[in-house]
Structures are given as C-alpha cells and as structure tokens.
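The following explanation proceeds from the overall fold to a single element. Please keep the coordinates at hand while reading.

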Amino acid sequence: MAREPVVYYFPLMTPRSVVLPASCAVGSGSGEPLTARQYSEPPHAYRSPFQRDRARIIHSRAFRRLAGKTQVFTHGYSDHYRSRLTHTIEVTQLARTIATALGLNGDLTESLALVHDIGHPPFGHAGERALDEAMRAHGLRFDHNLHALRIVTSFEQRYVAFPGLNLTLGVREGIIKHSRDYDPGEHPELAEYFLDQQPPLEAQLIDLADEIAYLAADFDDGLSSGILDLAHVRAHVALFERYYSPMETKHPDAVSERLIDECLKRMLNALTSDLIMRTAEEVAEAGVVDLAEVRRATRRLVALSSEMEALRREAKQYLGRHLYESDAVTPEHQRAQHIITSLFECWVRDPSLLPANCASALALEGAPRTVADYIAGMTDPFLLAQYKKYETLCES
Ligand code: MG
C-alpha cells in the first residue's frame with residue numbers, strides 16, 4: 001500500500017513577514033564596533049570578521065574536546081546519543097535558521113552558537129555543580145560562561161603575537177551574556193562588555209535556541225534509551241502529545257519510533273516558528289528599530305509566546321524529574337561529582353602533581369583556580385583516566 005505523503009512544514013509564514021528592521025542586526029563591515037579585536041589584525045581579503053571567528057572556534061582544541069563531553073548521557077552509554085559537540089551543532093543550525101528568518105547577522109549567530117558550550121566541564125551539569133562547590137570552599141566560584149571567555153582569550157594558544165583566539169568584541173560579549181546577565185559591580189573585569197545594556201539579538205537568541213534544541217534532543221535520547229516511557233510522556237507533557245497524537249491518528253500502523261521522530265520534528269519546528277514570530281512581535285511592540293534601541297530595551301526581546309513558553313517549561317520540568325534526576329542517571333552523576341571533587345582536592349593539596357605547563361597559572365592565579373580550569377577543560381574519558389592514575393592519592 002502506498003504511504004500517504006507527510007507534510008513536514010507548517011505554512012505559517014513567509015520570511016518577508018517576520019524580517020526585522022535591518023539596523024537591528026549587528027553589522028559586519030569594517031569599523032563596526034563589535035568587529036573590534038583585542039589585538040589589531042589586518043582585515044581578511046574575503047572573509048568577514050565573524051566568519052573568521054567561526055573558523056577560529058571550529059579549529060580550537062576546546063571545540064574538538066566537546067566530542068568527549070557529556071550532554072546528558074555519559075560517554076560510552078551509546079553511540080547514538082548526543083555529545084556536547086553534536087548538541088552544539090544542533091543549536092547552531094537552529095540558531096542560524098532563526099537569525100536568517102529574522103534578518104539578523106547569521107555569521108555572528110553561528111559563531112556564538114558554536115562557542116556557547118565551550119566552557120562546560122566534563123560530565124555536564126553534574127560536573128559544573130561539583131566544580132562550583134569545590135571552588136566555593138575557597139571563596140571562589142566556577143561559571144561556565146566566564147570559563148569560556150578565559151578559554152578564548154587566554155588558554156587557546158594558536159598565535160605567536162598574542163594569547164587566545166583574538167575573537168571579535170561581538171563574540172566575546174555574546175559568550176558571557178547569551179544566557180545570563182552579570183552585575184557590573186561584581187564583575188569590574190568585564191567592564192568592556194556593556195554589562196548595563198542588553199546583548200544584541202544575535203546573542204539573545206542563542207539561549208532559546210539552546211533550550212529548544214535540547215528539549216527535543218533529550219526526549220529523543222530519553223525515549224530511545226528506555227529511561228523515559230512513551231505512555232507516561234504522552235500523559236504528562238502537553239507539548240509532546242500535541243504533536244504525537246495527530247501523527248498516531250494519521251499513521252495508525254506506524255511503529256512508535258517513527259511517530260516519535262515525526263512528533264519531535266514538528267515540536268522543534270513549532271517552537272522555532274513561534275520564537276521567530278514572537279520575537280518579531282516583541283521588537284515591533286517595543287518600537288525598537290535599531291541595535292542601539294535593542295541594547296537600551298528594558299528586557300530581552302527574543303522570546304516565545306506565553307503559551308509556548310508555558311508548554312516548554314512544563315516539558316523541561318518533566319525532563320528534570322524523569323530524565324536528568326532519574327534513578328537511571330543519578331548514580332553515574334554522583335560518581336562523576338565524587339571524582340571531580342576528589343581530583344580537585346588532591347591537586348589543590350599538592351599542585352606539584354599538575355602538568356608542568358600549569359606553573360605560570362599557579363603562580364598567577366593560585367591552586368584552586370588553576371585546578372578548576374584544568375579539570376574544566378577535560379573530556380569525560382580524560383578525567384576518568386586521571387582519576388585512575390591518582391585514585392590512591394585522592395582517596396588517602
Ligand atoms: Mg547548550
């Protein structure tokens with residue numbers, strides 16, 4: 001029997017109907033303030049500053065290490081699940097779609113999406129929590145956005161003339177501001193990043209592109225791992241059921257795996273389309289016509305509609321309870337936290353165990369910060385190998 005063709009996209013809009021005033025986008029031309037670099041370099045013959053940043057990020061060691069870092073499922077769980085690298089690529093394609101539909105700067109958006117998780121330690125949020133708690137004991141904090149800034153301005157060594165990747169001001173600002181705001185009083189070292197102003201729309205959209213990408217991805221990986229139960233998800237996640245149920249009615253003979261695929265595709269498309277439409281409305285309602293007004297606005301303008309936002313939150317809370325904090329993954333996360341805490345304390349007690357190239361950081365920053373930076377850069381497998389090497393010392 002011939003299968004009925006499936007309609008993939010909602011004929012919601014034409015790109016023309018949602019494009020923002022052109023001057024709301026960050027400019028790439030020479031002399032644009034956000035294209036400034038820390039150390040001056042001659043312009044490239046045919047690549048814009050943000051295209052060059054994209055290349056610098058992709059060619060960095062920290063970017064390659066994302067392949068070995070946990071998103072939700074730890075390395076080795078299954079070959080099919082997302083790593084932080086594949087998550088990053090998914091965020092990038094979503095972010096680029098949103099930027100294009102809104103007429104924003106696609107190259108800046110792409111660079112920001114590619115770099116957005118570069119500061120994440122091994123073992124996902126469990127790793128970040130463990131590092132932050134270990135640092136608090138020394139009156140310090142670990143923050144993945146600030147760590148990402150340190151990676152691109154200092155730890156990456158690719159040039160004779162300067163440390164770091166010498167990224168544009170626009171990308172450095174976006175790195176620290178894509179997901180949260182920093183108090184200028186608490187962070188005088190970030191003064192050049194316009195902390196009293198909103199970030200450009202290209203940076204604002206990364207946070208929601210990230211949320212949308214991992215929402216769909218984590219239902220996908222959670223269901224295919226068997227940790228999430230399809231009937232339970234359908235009964236408790238209205239956003240999922242909204243797109244699953246019509247597919248089931250339309251294709252009663254299809255296996256549930258394909259219906260899940262069809263449902264998640266529609267869910268992703270609906271969230272992305274809603275974000276594009278609502279952001280265009282927010283900008284219009286705020287009367288914002290250029291970047292200066294985006295920056296002066298009293299709130300961030302990239303948003304989902306209130307209905308979609310409520311559905312997204314419910315779905316995210318469900319993942320929190322039934323996947324991120326489930327009995328299936330919790331023991332693994334607890335073990336990861338134990339390993340990070342043990343190694344941190346072991347190396348802070350005896351920094352001579354650290355590699356020789358940590359010497360200047362130790363002298364400049366002290367042991368806790370140097371050890372946190374060292375651990376944060378590791379992949380999951382490298383961290384486990386280090387623990388194996390130092391386990392006896394750690395646990396003594
Ligand atoms: Mg992310």
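**From the whole chain to one helix**

In this predicted model, the secondary structure of the chain consists of 18 helices and zero strands.

The overall dimensions may be considered next. The C-alpha trace spans about 70 × 50 × 40 Å along the principal axes of the chain. For 396 residues, a compact globule would be expected to have a radius of gyration near 21 Å, and the chain has 22 Å, so the two values agree.

The contacts and the burial describe the interior. Of the contacts between residues at least 6 apart in sequence, 72% join residues at least 24 apart. Under the criterion of less than 20% relative accessible area, 54% of the 396 residues count as buried.

As to the surface, the chain exposes about 18500 Å², of which carbon and sulfur atoms supply 54%. The chain carries 42 positive and 54 negative charges, and the mean positions of these two sets lie 4 Å apart.

Helix H2 shows how burial is arranged within one element. This helix comprises residues 49-58, and its buried residues are Pro49, Phe50, Arg52, Asp53, Arg56 and Ile57. Because these residues cover an arc of only 150 degrees around the axis, they lie on the same side of H2. What do the buried residues of H2 pack against? Their partners are helix H3 (61-65), helix H5 (106-115) and helix H8 (169-177). The buried set of H2 includes the charged residues Arg52, Asp53 and Arg56, alongside Pro49, Phe50 and Ile57.

How values were computed. Residues numbered from 1 in each chain as written. Predicted model: local features only at pLDDT ≥ 70, side-chain atom pairs only at ≥ 80, totals over all residues. Heavy atoms only, no water. Buried < 20%, exposed > 50% of the residue type's maximum accessible area, 1.4 Å probe, protein only. Helix = DSSP H or I, 4+ residues; strand = E, 2+ residues; numbered from the N terminus. Arc of directions from axis to C-beta. Contact = heavy atoms within 4.5 Å. Rg over C-alpha atoms; globule rule 2.2 N^0.38 Å. Areas by Shrake-Rupley, 256 points an atom, 1.4 Å probe, with all protein chains shown as cover. Charge placed at Lys NZ, Arg CZ, Asp CG, Glu CD.
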